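Open the model in your viewer and keep the sequence panel beside it. The tour below goes from one selection to the next and says what is there.

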Amino acid sequence: MNHTISDTDYVELSTFAEEQWHKVLNYLGRTFNLPREDCQDVFQDAFIVLYDQINEGRVHAQTYTKAELTQAAYNIQQGHNEGAKICLTYKAQVEASKAWTEEIRQNYLFAIQSLLEYYSMQKRYTDEEELLNHAIALYNTRDSITNNPQTRALHTMQTRVQFDKKNYDALIGYAKKALNMYNAVGDHGIDYCILCCNTSLAYVEQDDEQHATQYIDEAFNCQQKLSAQFNLSKYMGYYPIQNQRGYVYQTFGMYEKAIECFKDIVDNASPDTLASVYYLAANNLSTCYFIMNQLDKAIPLLETVKKATPTLAYTVSQNLSMDYALTGNDKKALENLRQFNTEGYEQALAIISKFSEIDREAMLKKLSQEMSDCNNFVVRYVPQAAVEAFDINLLMRSASLSVNRMVKDFANKSSKCNELAHLRQMLANGHISTAQYDSIHHAIIDIEQNLLRADNQFELTLKAQTATYESTKQMLKADEAYVLYCNLPTFDVDDGELAKTLHYATYIVRSQQNDGPTMVDLGPYEDIDSLFFTATPTAEYAAETYAAGNAQLLYDKLWAPLMPHLKGAKRIYYSTTGNLATLNFDALMQHNNKRLGDVTELTLLSSPLKIKSATNVTPIKNVVAMGCPDYDMTPQQMAKATSPHHVIQHEDISSKLAIRGDDTRGNWQAIPATRNEVANIAAIAQAHGAKVCTFTNAQATEEAFKALDGHAPDALHIATHGFAISTMQQYDNSPFAQSRTAFTPNGNYMMWSGLVLAGGNNAWQCKPLPKGVEDGILTADEISRLDLSHTRLVVLSACETARGHIDNTDGVWGLQRAFKQAGAGTIVMTLWKVSDETTCMFMTEFYRQLANGLNTRQALKRARTYLIEQGATDPYYWAAFVAMD
């Protein structure tokens, strides 16, 4: 009989085979740390041997005894791969054999549990989920009764995996199915209690008090019945569940109930029998006492925990430093703060060296926020902690960006550079199956971890990329100051409890200081943010925010409190935090109606390390200018073109409002003035002896930009549409954003910020492109992976190029972060959508002033003044432009 396969079937079959092949190779490489070529040989040989043995009936499931599997589980706990190999071998033998006795069923489940622990230790959550789904399918296929203890246990394990993945909706879905299975057969044993606990935690994360308390109370009540029925020790489930119950009550502000739960453990359990649960309960109890303003009870309890458990040193030292600060024991507060910082720093190094970007990003963010908040809080009460706290703030702000730079640099120096770039591009395209995504995901993790492990100097590199109080102080002149904006958690007594409020604050550094930086509390976030912040600024927003009355209120909140500490400072460097990154400080107004930027030389910095270079004036010898791309060009139609030269005449332009970047749903429209802008810049630069290369129309391609990688010019100017998608409404309106997938959550924001170049409308509307052609959408993610370290000035003459996803610790995830990670120097960017004509005029004047020998800030100030003189007096026109080093 002849069998035929259609072309479609063949493609699907080939795709499936390719997915499985890469999946197996990645799995072998991760598990046994083998080169890819060896993985291919091992798999092919093993497959042939296994196939022959199955045919000959020589494969028997019960190769390993329960004792051997137990030893394998112990080996896994000790971090030995050999235990995982045994469990994997046993699993494969069971699945290849038809034997299915009760002993095999039990041992198979035990092997699955051991492998889950192995994968969990490596943060391989997708592997855990697949392992469980496969095991559930096996039991359902081989058992006549599908609702049995093994399948119920496996569904319970799935809830733990989903919790680790932070996929709480999926957890609740698995939990509901599993709860129905347990209730259908009246099984309310230990596994049922664990399931209820996991379900409760998911509802905690979703801020659902009713369901969270319902399920944790159900778990506790069932555990009490089990303890009474079987005369179980309270250490067998009761105390752990009681601890979790207290945590749930504490989370929802039911502190009296939480204290009752934690005291039950502290008063009755022995730390020698169940140390981890006992001391966790003691720490949680002390936290409740802290919130209830009962510090006299919290501190002695914490001191006991600290002495007995080194593993809790980080959390306990954090709590003790804050408690002692509140009670006025400065010496103890400082002692515990330093121990907390030491423990936190060690954690940061471990995170950097052991985890992939996706885990590292989330863990560093949490650690950074905890360390910065704790240090800033202590300084409010213990000023002598300011040096330590200032250094921690700088370290944690730079950690994520520095690590990403290191990984990029390590990759560029290794043979894995092209492979890593190819994998990331495949991931970004989005049109891949789940299996392909997982395969690519794991391959990236492996490469990154190996790169960091191979370099034992990464700690020195991290320190070299981080400023300190002493280095900042030494870089400042007597008439200069550095201001670091930060977050300050405060606790005020409200109805007998300590209520937390987040404030803005600053550290001020002067060269003459002897006692460390000065902290100034600026007041609650909400009060200040309400004066200026919006995720989607409009022309009306700019006019209202920087109008005299509101600009004066902002000055009173954000700058006037600093003035007593800035006497004699003519130049002030500053770095922002959180939503302050969307504010133009130059446009704040004193009560004499003078703008702050007109009376003080302000310099926005990404780090104090930029102090020395920020005001340098170095002639620009070569310039690349891109503008007026033909957005409707297809890659096949790209051709060379030249730009006509046009000089802007002086005129009143206050009514011209063509916008550079105003379409997240439809097509990008041409912005003609960008052609004039590029031509004017080229003429000015050439007149002063600089070499100029321009790209317009079909020449302004993504390929042209990426060709600058490794040998970028002194100055890079891009005049086009820009976009920054940071709200769900913007995401829902953008087919492009929905089609892109990044490696990490913040990586998505880097995909959703960018610049539109020639042919960009194709990808923006998700139209297919020929293989090997760039899509014309230059994302922040793509820019961040280039080497632009030779470029001293980047000018992003497009809409909202200073915006993106705002993080209180890491800053803005968008184009500004991308160019900094790529190694660029000063970045000129925009805070909102800008007018086409006025932007052209502004940029032309800016470059004219640069050519006359002014530094970047001075040239920006002159260009602002020029616009106002030409009739563009509304802050909407001139306040959008900011520069950051």
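Which residues in the largest nonpolar core touch the most other members? They are Val-378, Phe-390, Tyr-482 and Tyr-507, in a core of 105 residues. Keep in mind that the model on the screen is predicted.

**The whole chain**

Show the whole protein chain before going further into the core. The chain has 885 residues, and 55% of them count as buried. Its secondary structure comes to 38 helices and 16 strands. The accessible surface is about 37700 Å², and carbon and sulfur atoms account for 51% of this area. Now consider contacts between residues at least 6 apart in sequence: 74% of them join residues at least 24 apart.

**The cores**

Select the four core residues again: Val-378, Phe-390, Tyr-482 and Tyr-507. Then add helix 13, residues 275-291, which gives the most to this core, with 10 residues.

Next, centre the view on Tyr-482. Leaving out residues up to four places away in sequence, Tyr-482 touches a list of residues that includes Phe-390, Leu-394, Tyr-507, Ile-508, Val-509 and Leu-605. Thr-472, Ser-575 and Pro-608 are also among the residues that Tyr-482 touches. Another core, of 96 residues, lies apart from the largest one. To find this other core, select Ala-542, Ala-712, Met-829 and Met-843, which are among its members.

**Strand 8 and its partners**

Select strand 8, residues 715-719. Is this strand enclosed or open to the outside? Strand 8 is largely enclosed by the rest of the structure, because 5 of its 5 residues are buried. Show the side chains of the strand. Ala-715, His-717 and Ala-719 point one way, while Leu-716 and Ile-718 point the other way. Residues on both sides are buried.

Now add the two strands that pair with strand 8. Strand 6, residues 622-629, runs parallel to strand 8 and is joined to it by 5 bridges. Look for Met-626, which stands opposite Ile-718 of strand 8. Strand 12, residues 793-797, also pairs with strand 8 in the parallel sense, over 5 bridges. Here Leu-716 has Val-794 in strand 12 as its bridge partner.

**An antiparallel sheet**

Strands of a sheet pair through backbone hydrogen bonds, either parallel or antiparallel. For the antiparallel case, select strands 9, 10 and 11. These form an open sheet of 3 strands in the order 9-10-11. Strand 9 (721-724) and strand 11 (777-779) are the edge strands, and each pairs on one side only. Neighbouring strands in this sheet are turned by 25° against each other on average, direction ignored.

Zoom in on strand 9 and strand 10, residues 753-756. They pair in the antiparallel sense over 4 bridges. One pair to pick out is Ala-724 and its bridge partner in strand 10, Ser-753.

**Helix 25 and Gln-552**

Select helix 25, residues 548-558, and mark Gln-552 within it. Is Gln-552 buried or exposed? With a relative accessible area of 14%, Gln-552 is buried, because the cut-off for buried is under 20%. Apart from residues up to four places away in sequence, Gln-552 touches Met-589, Gln-590, His-591 and Asn-593.

Gln-552 is one of the buried residues of helix 25; Asn-550, Ala-551, Leu-554, Tyr-555 and Leu-558 are buried too. To see what covers them, show strand 1 (480-494), strand 3 (518-524), helix 23 (525-529), helix 24 (539-545) and helix 26 (596-599), which are included in the cover.

**Helix 26 and Val-599**

Stay with helix 26 and select Val-599, which is found there. Val-599 is partly exposed, with a relative accessible area of 40%. Setting aside neighbours within four places in sequence, Val-599 is in contact with Gln-590 and Lys-594. Draw a distance from the C-alpha of Val-599 to the C-alpha of Asp-586: the two are 9.2 Å apart in space and 13 residues apart in sequence.

**The cysteines**

Last, select the cysteines. A disulfide is a covalent bond between the sulfur atoms of two cysteines. How many disulfides does the structure hold? It holds 0. Cys-261 is in no disulfide, and the nearest cysteine sulfur, that of Cys-288, is 9.2 Å away. Cys-261 counts as buried, at 3% relative accessibility. Cys-87 also counts as buried, at 0%.

Terms used
Residues are numbered from 1 along each chain as its sequence is written. This is a predicted model: local features need pLDDT of at least 70, side-chain atom pairs count only at pLDDT 80 or more; totals for chains, interfaces and linings use all residues. Side-chain values use heavy atoms; hydrogens and water are left out. Two strands pair if DSSP finds at least two bridges between them. Axes are lines fitted to C-alpha atoms, for helices over the stretch in contact, and angles run from 0 to 180 degrees between N-to-C directions. Buried means under 20% relative accessible area, exposed over 50%, partly exposed in between (1.4 Å probe, protein chains only). Contact means heavy atoms within 4.5 Å. Accessible areas come from the Shrake-Rupley method with a 1.4 Å probe; for residues, only the protein chains shown count as cover. A nonpolar core is a set of buried Ala, Val, Leu, Ile, Met, Phe, Trp, Tyr and Cys residues joined through side-chain atoms within 4.5 Å. A disulfide is a pair of cysteine sulfur atoms within 2.5 Å.
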